[in-house]
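This briefing covers model confidence, the overall fold and one residue position. The points are grouped by topic.

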Amino acid sequence: MEPSPLTHQPRPEVFQPKIVRLYEALFKDDSDETERSEGFWKEFFLLRPDRTSLRKILDDIDPNELLQLQHQTRQLFVRAVAALRNPFGVADLHALDVRHANFAGTLSVFMASVLGKKYTNPSSDIIELLAGLDRIDTVFADFVAALESLIRAGRSSSNECCPNGIGHAGQTEAQGNRTAAQCTYTTDLQQRAVEVALAVASGAYQTSLLSYFMQRDLFPAIINDDRRIAHPIANDITTSIFTALVPNYNKFEFQNPYQMRLNDFVNERVIRSIVRGVGQTCQRLRTQYTDVQDDLPEGWTLAATLSRIGLGAIAPGGKPPPKPAFDAETAKRMFAELPGQEAAVLVSTYDFTHANKLFSLEFVTWTPTEPKGQETPFASFISLTSYLLQHAHLSQRTTLYSHLNLMVFRLLVEDPVLCRRMSSDESKTSVRLCRQRSPYLPLVRGERVLATAVMDVMVDAINHNLRRRLDVGLYALCAGILLRVVGFLSRSRTRLTYHWNELFRALLSLVRFLTTYAADLRGLPRVETVLDLVVNLLALGLSQGETFLPTPAAYDDLFYKVVESGEVLVKFRDTWGLANRQSNSIETLVKVSQHYKEMLVEGKGGGDGGGGGGGGGKTGKPSQLTSLQVAEVIKQGYETLSIQAKEGLDSWERYREADERTLLKKVAREAVGDVKGLVAG
């Protein structure tokens, strides 16, 4: 009998997946530059990928060592591109790994790892790793074309939408013809292709490789709404993230074709799906803040009442599990790491708002019909912005996203149609605002006009960011948005029920802060803009308050606050030399204060208001009068008061993106970092 050709192999201590051995063999540090056999790549693409092992192997190789392995990296990239161009069942499943929902796959991991390293010459070194200078045009153009084809139609037109009908499992004939739009295999494949495109866009953002995305317009394929049938939420997010990166690539240096696409896009169905995705992303980002500190005021419940008196055991429904409580330092550190990496979607929200009027309209007005009572996307955006602004001082990243959201608000309120909508009762909806730091604004339960929620966010931002190293840009945006909203209310004679006293109190507190810390703030860029906006907003309230304040009492309260701050206003004017500036109306505030001060001192208020308890005017001091007596004097003083405010107090300059190019470039870099983190995760 002939001996068996089979030999017994010793049992290894630890079993290693075959694909990991292929990874190690491919990236083995040797001088062998021979091409891997066809059988090697056949086996490589048939085996299930191990993303973690591949990422670890690549991450352990430093950039210089990786450049020595450029022959191997080129082979892998070229073979993967070939697999993308000619999908054949399991191989394209490997190349894009549709079994995983989060930015997975051999190619996405490979590109994220290779592009994420720090090279001496990023563009040229990456080109050498992927194809070499002589072949990069051909190979990378084929790569982008393959991505575009997959995103647009899934498998190539010569193939059926999925092998053996696996993408239609569970679908019955009654559901109609089995089209690619109904095929889960195809939509998964398209989704993974978008994620590969994201890995490249984020990793190559600072290199010349992204110019290939400029040459091959992926926007029509990326924005295609057919993919949303199977995975509506995931596709809305990835679409938004992609449009956050590529349209911002060197857009101030040349005419980015993706920016033009944003301007011209009018597919209402897709725009609504993107708006929906933005709203749901904002809700998830807000939840990250409330998980650290739950700030929702507890309403009255029978269970809570019974618990307070020691009868919680008989409370109906039982006691909900308490959320973990963190100490101040831990909470501060956790807040500093927020918002999460999905915040890159906010860049896309800004771009669409700036470029597309239809998106802005849908963003403000669209209300989801199912499920009933669901939070609107714009309410979620307002809510998230309030959380960002209360914690904006904790990190540069949070500050940048806060500025970005404020610019979205500025763009919206500068549109009179949208501002009218936000100021009307039609816009009423519930908005949850941040209450994680004092001072707190009055809690509004139930539905409210959107404009009042926007003003609350601005007032909160003014109250919570007063520091010697003042964020002047943030305050200019907040005061400017308030001026635009109040100016519109005045011109349209719209009276809103709102806690106006809190708004004017915040503005006068800002005046006191600017006066007290003038030495620290003087010389900061654009600080004069903040001074003018605050003064003109107060002067607009004095001169036009009867057109937008809901009651005479609210108007009287504004005068009371200005009179009370008379000395501060004079010092504010002198400290900053505002009398010499023609762009503000500081004299209106000072003269109103002096008018009433003279009435109070000289006893010209008449009756109880002027006597001060002594009959003679010289004995009546303002400090001896009660607040009710001063209020009575204010009412009587309207007869002799003449407010000579400057014209155009409610005028403002329209937003120009070029003025914010430095900030927008910083935001784009932060978004790129966030998308890299999403891809790596």
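Residues 97-104 have pLDDT under 50 throughout, and the model gives them 28 contacts beyond four places in sequence. The model is a predicted one, so such contacts are read alongside pLDDT, the predictor's confidence in each residue. A second stretch, residues 604-622, also stays under 50 in pLDDT, with 23 contacts beyond four places in sequence.

**Confidence over the chain**
- The protein chain has a mean pLDDT of 84.
- A pLDDT of 70 or more is reached by 82% of its residues.

**Fold and surface**
- The protein chain contains 33 helices and 0 strands.
- It has 681 residues, of which 53% count as buried.
- Where contacts in the protein chain link residues at least 6 apart in sequence, 78% of them join residues at least 24 apart.
- About 31400 Å² of the protein chain is exposed, and carbon and sulfur atoms supply 51% of that area.

**Position T353**
- T353 lies in helix 18, which spans residues 345-355.
- The relative accessible area of T353 is 6%; because buried means under 20%, T353 counts as buried.
- The side chain of T353 reaches the backbone oxygen of T349 at a distance of 2.7 Å.
- Setting aside neighbours within four places in sequence, T353 is in contact with F359 and S360, and also with V408, L411 and L412.

How values were computed: Residues are numbered from 1 along each chain as its sequence is written. This is a predicted model: local features need pLDDT of at least 70, side-chain atom pairs count only at pLDDT 80 or more; totals for chains, interfaces and linings use all residues. Side-chain values use heavy atoms; hydrogens and water are left out. Helices (H or I, at least four residues) and strands (E, at least two) are DSSP runs, numbered from the N terminus. Buried means under 20% relative accessible area, exposed over 50%, partly exposed in between (1.4 Å probe, protein chains only). A polar contact is a pair of N or O atoms within 3.5 Å; within protein, one must be able to donate a hydrogen and the other to accept it, and residues adjacent in sequence count only if both atoms are side-chain atoms. Contact means heavy atoms within 4.5 Å. Accessible areas come from the Shrake-Rupley method with a 1.4 Å probe; for residues, only the protein chains shown count as cover. pLDDT is the predictor's confidence in each residue, from 0 to 100.
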